[in-house]
Amino acid sequence: MGISGWCSRLVLLFFLSCTPRVSALPAPGAWVPVRWTGGPLELAWRTQVKTLPADPAVRDALAHWYEPATLGLLEDSPANCLLVTWSAPADAGVHAKQQQLVKVYAEAAHKRGLAVLGLVYAAGDASKIAAEAERGALDGLVLDGKFASEFTAALRKVAGSMLVVEIADQAASLRWKPAPIIAVAGVSPSARNLSEMGIRGAPSSEPWIQSNIWLVRSFAFGSPSPQVWISSQLENASTIDYARAVADAAAAGGRWIVSLDDVLRAKLLARDGSVLEAWRRLSSYLKFAESHTASRDLAPYGNVGIVLDPAKTNQVLADEYLNLAARRQIPYRVVARSGLTTAAVANFRALVITELDPPSASERKLLQDFAENGGLVIAGPSWGGAPKTEPFVEVQVGKGRVIVYKDPDPEAVARDLKELFSDDDLGVVPFNVPSVITFASGGSPGQPLLVQLLNYFDHPVEAITLRVTGKFGSARLETPEGVAVDLPLRDADGKTEVTIPKLVLWGAVSLK
Amino acid sequence: MRQGVTRRDWLALSGLAVGAMAVRPAQGARAVSTAPAEPVSVAKVRTYDQDLTTQFRKMFDQIGGIDSQVKGKTVGIKVNLTGGGGFPGYTAGDTHWVHPRVVGAVVAAFGALGAKRIRILESAGGRKPGYKLEDKLLSGGWDVNTIRNAAPLVEFEDTNALGQGKQYSLLKVQGKPYVFPAFQLNHSYEDCDFFVSLGKMKNHEEMGLTICIKNLFGITPLGVYGNRETVFHYGQVQAPAGAPAEIDPKSNRYEGWRLPRILVDILGARPVDLAIADGIVSMVGGEGPWVLGSKPAHPGILVVGRNCVNTDAVAAATMGYNPRAARNEAPFRVFKDPKSHPPEQLQPGDEMFQYADNMMLLAEAAGLGSADLNKIDVRGVPVKDAMFDYEAFWKNQMPKEQS
């Protein structure tokens, strides 16, 4: 580090020491997490797992991350929950030094109203880890790695009231377990044309979008929904990539564990102008997300129900239905198999039950009645009457239909859903959105219908049309980039249409 | 060794009689006939933000005026759409559909000329209940209402099915057909007094070119034919009962031979009164972003003519291609992805041997219009001044200042 870097640190430290602040800690439900790793233990762990930065300046920045100056970076940011390096296999001296450093840092963070959670990278003595965390005045622990379920259970037991958050690889393993905060590994949000990936698509092909929106919404089937944290580390990320990661998690009510890459953090510490600007933009997206927390209370909108069975062994395949239906812009709600009641299905126009394999006698009766009353049921071969050659057969049942697939797969079903359902069935239909994923929520009587749109290309999209079933009096578009604007409403054969002139990255249209 | 005509060749030959270039006739094409040759207008237009309505009025005048044919008449415009998606930063209308502002301007121009009714036509719908052509246009980011309001009466019809008609129209090939003697089509292709093919100037993976002749492929309704690929491209199945059967079910099934002839048959069954080629922004290397190696381009060209074959020939020349090129010459030596074509649709050898016959020469041989630049009166901007060399751009060989 150069002299100017040290000077700027000293100046910052001076100002920080002049502005002590003690604030109440936010409740876990309001935690906005940021990965804030550093100290000697982080370097030791990185050395072990061979991810130590090559640049000495970057290593130096990580080593000194728990100097109070770094707290100043959070001065104007909604991020209020620091995930700090806490436990990993290392030399006892390194371990002790790290814990002492973090303890002092956590005290300073607490004074600023910031929660501090300790990252545990590898299993160890659960009692010791919990006791040390208690002494370190941490607000919780985050398990970040692969852990045996026995260790996780033991840690939760000895942690008492201290929150233990496990970052899971697979959402399905957590979906049916009640927890105040669920953390799950996600993807780096992005989109690419198939041709860029060397894949020759079809005329109907759309860009390959990596998104976590489906993942967050997959937990929103109970009440209240848990807080969902998405963990992903972006690679070679631009400013817009970071902003997109925030928006992608937040659109359906989740939160991205803000994770800046090492080089960016080193430059941030050095007060690099362009990086500070990137950090401000990221913070503006966090602010936009956190200023719309009321939308988290809106349940996902959808006339299509996708029924999931917690007992099914292949949960990853079941998740693909949720992922690919979201990509095809199908507004759906998740229905747990146990929640499949006459009253529950009355709120749907269509049910995808390919994961009920086979449906029980009572479920079959319920679904048959649903179809006879005008509903659409999409079933797998266990329903009976599957075709021998065609992908599916459509059977008229009373006022409705049952579609029986020979061999359903998520990609084919998601693609077909778009054509099997009318606009009325879908309720919300977006046009000109090849690089966009939409997420609709609310829409119950007395509630606004909120349609959020997220663009996964770096280029803006122009002239997106939303066609919504029903009559509305106003439509207001809000984006992190500009002031809210009212969109003109059009009648379209009894439905309502609005056009969004330009979507840079994230927009929310509220229809009332 | 490539035998296509390069930009340099064109510049060298520009002072000579273009028709004197040594070219072979397309394989299988009949002897050159005295096919009609009418004026074609070429314009250099840099962006879609220009006053395109005035531009089209000027070009219509350059080809002798269309006022009397349009006034008080029903005009059908077959617009060139295809699959969706897009290159980053481009809309479908920029690169692989005709641009909505071109459509709006053409509609406005026809409206100003007194057209009674203008129908925008394309076969767009799939299985989705209640799907309309307007939905497809919205999916490309079109301002449908602006187009609807550009003339007193503008209608949209998805011609993949019956639409507003009660039955399909049977349109017979005028003259001697190659493959199909007639086609069953949506009523709008018969119920119009003035028919316009509004195509995009772009490459095509299997046919080499998409302009105004190729644009007509989309008038064949899936409601009748079920699957264009199996019935028309490959001839794997015959047209369903009730639809006109092909003349010789044992004829060559290779799409490079078969489809250009079918395209000429379609043009013979539904002659075009006005051909408009949109090359203001376009793409090279394929007909949509799904084709590997394709990319956007900014040729800045508009071409308008009364005769569809003449217009395509001139448009092809402005794209840097020899409109009389034989199979295996650019752009008709094609590069088909082996993974997305049935094995029997790939010529023995390797991809170097894939080809398409020149649909313009086949149409010329059928007497539908001349593909001979020496016989076509090009008005407006000369071809050599309008030219954007698609092949060079595709191969990254174009001088930077021109690309």
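How many of the 512 residues of chain A count as buried? The figure is 47%, in what is a predicted model throughout.

**Figure 1. Chain A as a whole, in a predicted model.** Start with the overall picture before zooming in. Chain A's secondary structure adds up to 16 helices and 25 strands. Its C-alpha trace spans about 75 × 50 × 50 Å along the principal axes. The radius of gyration is 25 Å, which agrees with the value near 24 Å that a compact globule of 512 residues would have. As for who touches whom, take the contacts in chain A between residues at least 6 apart in sequence: 73% of them join residues at least 24 apart.

**Figure 2. Strand β20 of chain A and its two pairings.** This close-up follows β20(A), residues 461-468. Of its 8 residues, 6 are buried, so the strand is largely enclosed by the rest of the structure. β20(A) pairs with strand β17 (residues 428-431) of chain A in the antiparallel sense, over 4 bridges. Look here for A:V428, which sits opposite A:V468 of β20(A). β20(A) also pairs with strand β24 (residues 495-503) of chain A, again antiparallel, this time over 7 bridges. In that pairing, A:I464 has A:I500 of β24(A) as its bridge partner.

**Figure 3. Where chain A meets chain B.** Here 25 residues of chain A are in contact with 27 residues of chain B. On the chain A side, α15 and β20 each supply at least two of the touching residues. β20(A) gives the most, with 3 residues. Sorted by character, the chain A side divides into 8 nonpolar, 10 polar and 7 charged residues.

**Figure 4. Helices α12 and α15 of chain A, packed together.** A pair of packed helices is described by the angle between their axes and the distance between those axes. For α12 (residues 315-327) and α15 (residues 410-420) of chain A, the angle is about 35 degrees and the axes are 9 Å apart. The crossing of α12(A) past α15(A) is right-handed. From α12(A), the residues in the contact are A:L317, A:E320, A:Y321, A:L324, A:A325 and A:R327. They meet A:P410, A:E411, A:V413, A:A414 and A:L417 of α15(A). By character, the contact has 8 nonpolar residues, no polar ones and 3 charged ones.

**Figure 5. An open sheet of 8 strands in chain B.** Now over to the other chain. Reading across the sheet, the order is β4-β3-β2-β7-β10-β13-β1-β14, with mixed pairing. At the edges are β4 (154-158) and β14 (378-380) of chain B, each pairing on one side only. From one strand to the next, the twist averages 20 degrees. At the β4 end, β3 (residues 117-122) of chain B runs parallel to β4(B), and 5 bridges join them. There, B:L121 stands opposite B:E157 of β4(B).

**Figure 6. Two helices packed on the chain B sheet.** Helix α5 (residues 100-112) of chain B packs on the sheet and touches β2 (74-79), β3, β4, β7 (194-200) and β10 (274-279) of chain B. Its direction makes about 155 degrees with that of β3(B). Helix α12 (residues 308-318) of chain B lies across β1 (40-44), β7, β10, β13 (301-305) and β14 of chain B. Relative to β13(B), helix α12(B) runs at about 160 degrees.

Conventions: Residues are numbered from 1 along each chain as its sequence is written. Chains are lettered from A and ligands numbered from 1 in the order in which they are written. This is a predicted model: local features need pLDDT of at least 70, side-chain atom pairs count only at pLDDT 80 or more; totals for chains, interfaces and linings use all residues. Two strands pair if DSSP finds at least two bridges between them. Axes are lines fitted to C-alpha atoms, for helices over the stretch in contact, and angles run from 0 to 180 degrees between N-to-C directions. Two residues are in contact if their C-beta atoms, placed from the backbone, lie within 7 Å. A crossing is left-handed if the near helix is turned anticlockwise from the far one by less than a right angle, and right-handed if clockwise. Ala, Val, Leu, Ile, Met, Phe, Trp, Tyr, Cys and Pro count as nonpolar, Asp, Glu, Lys and Arg as charged, and the others, Gly among them, as polar. The radius of gyration is taken over C-alpha atoms; the globule rule is 2.2 Å times the number of residues to the power 0.38. A residue is buried if 20 or more other C-beta atoms lie within 10 Å of its own, exposed if 12 or fewer, and partly exposed in between; C-beta atoms are placed from the backbone.
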